[in-house]
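The following paragraphs guide a new reader through one protein model, from its cysteines to its overall form. Please keep the sequence and the structure in view while reading.

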Amino acid sequence: MITSTSNGKVKRLVNLKKRRKTRDEENVFLVEGIRMFREVPVKKLREIYVSETFYKKEKSVLDEIMPAGTVHAEILSDTVFAYVSDTKTPQGVLCVVEQMEYLPEQVFAGENPHLLVLDNLQDPGNLGTIIRTAEGAGVTGIVLSKDCVDVYNPKVIRSTMGSVYRMPFYYAEDLLQEIRRIKEMGIITYAAHLEGCADYDKEDYKKPCAFFIGNEGNGLRDEVANAADIYIKIPMNGQVESLNAAIASAVLMFEVRRQRNI
């Protein structure tokens with residue numbers, strides 16, 4: 001059992017928690033909690049760490065979840081586990097998981113694509129919620145600008161509730177180039193924009209479509225918005241001007257789902 005926060009493995013876990021560069025160099029990320037542990041693709045699981053209390057009380061759960069022949073669980077004292085955890089009330093299980101890898105062709109796959117294009121999103125909770133909601137709404141893939149928050153930020157991972165394992169995504173080095181590729185595939189592109197003339201629920205999303213969602217504070221950059229075929233808006237009552245990025249995305253995504261399931 002590891003009992004010191006100065007242990008090399010512990011220092012590495014803290015670096016993986018805090019630093020995107022470290023995660024990318026090792027091509028891994030951290031996940032915490034029973035649910036996230038249960039849903040880890042077996043081939044992606046690299047390491048398991050559990051708290052002393054979890055091991056004593058939940059060893060049967062650990063044995064149940066871990067397939068035969070998978071990696072051995074390393075035990076940390078409760079104090080050390082709390083030190084490496086990114087949550088205020090740790091559940092006692094933490095995993096090192098290999099990063100997901102998708103090609104653009106996988107993100108665009110399917111007979112009737114339903115895509116999200118995220119431009120400079122910065123809030124980890126927003127991104128995680130969008131990924132989770134996207135799976136529920138039947139989105140086929142997500143394209144992120146290279147300056148979006150890291151998908152593997154622990155707060156993003158928690159907010160996805162496991163959807164990060166299943167929702168295809170990739171970071172675009174040149175977002176405008178990727179948008180051109182999307183349009184060349186015959187996918188109609190919609191910018192969620194305050195200057196939109198068309199109400200979002202008046203458009204036809206039964207055909208391939210992609211929604212552009214912008215930064216929480218500044219919205220879409222002009223060059224990204226200008227690349228869209230159509231500006232759309234979500235009508236508001238009262239003095240509310242716009243919705244949170246994750247909520248606006250959810251409204252749009254589920255309108256697509258509604259239309260396609262009529």
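A disulfide is a covalent bond between the sulfur atoms of two cysteines. For the purpose of this account, a disulfide is a pair of cysteine sulfur atoms within 2.5 Å. The model discussed here is predicted, and a search of the whole structure finds zero disulfides in it.

Why does Cys-148 form no such bond? The closest cysteine sulfur to that of Cys-148 belongs to Cys-209 and lies 19 Å away, which is too far for a bond. Cys-148 is also buried, since its relative accessible area is 2%. For Cys-197, the closest cysteine sulfur is likewise in Cys-209, at a distance of 20 Å, and therefore too far for a bond. Cys-197, however, counts as exposed, because its relative accessibility is 75%.

The description now turns to the chain as a whole. The protein chain contains 11 helices and 11 strands. Its radius of gyration is 20 Å, close to the 18 Å that the globule rule gives for 262 residues, so the chain is as compact as a globular protein of that length. The C-alpha trace spans about 60 × 35 × 35 Å along its principal axes. Of the 262 residues in the protein chain, 49% are buried. When contacts between residues at least 6 apart in sequence are considered, 80% of them join residues at least 24 apart.

One strand residue offers a local view of such surroundings. Glu-98 belongs to strand β4, which covers residues 93-98. Is Glu-98 buried or exposed? With a relative accessibility of 19%, Glu-98 counts as buried, because the cut-off for a buried residue is under 20% relative accessible area. Leaving aside residues up to four places away in sequence, Glu-98 touches Asn-27, Val-28 and Phe-29, and also Lys-43, Lys-44 and Arg-46.

The surface completes the picture. The accessible surface of the protein chain amounts to about 12900 Å², and 48% of this belongs to carbon and sulfur atoms. Which residues make a nonpolar surface patch of about 240 Å²? The patch is made by Val-240, Leu-243 and Ile-247. Of these residues, Ile-247 lies in helix α11, which comprises residues 245-260. Ile-247 is partly exposed, because its relative accessible area is 47%.

Conventions: Residues are numbered from 1 along each chain as its sequence is written. This is a predicted model: local features need pLDDT of at least 70, side-chain atom pairs count only at pLDDT 80 or more; totals for chains, interfaces and linings use all residues. Side-chain values use heavy atoms; hydrogens and water are left out. Buried means under 20% relative accessible area, exposed over 50%, partly exposed in between (1.4 Å probe, protein chains only). Patches are made of residues with over 30% relative accessible area and no salt bridge: like charges are joined within 9 Å, nonpolar side chains (Val, Leu, Ile, Met, Phe, Trp, Tyr) within 5 Å. Accessible areas come from the Shrake-Rupley method with a 1.4 Å probe; for residues, only the protein chains shown count as cover. A salt bridge is a side-chain nitrogen of Lys or Arg within 4 Å of a carboxyl oxygen of Asp or Glu. Helices (H or I, at least four residues) and strands (E, at least two) are DSSP runs, numbered from the N terminus. The radius of gyration is taken over C-alpha atoms; the globule rule is 2.2 Å times the number of residues to the power 0.38. Contact means heavy atoms within 4.5 Å.
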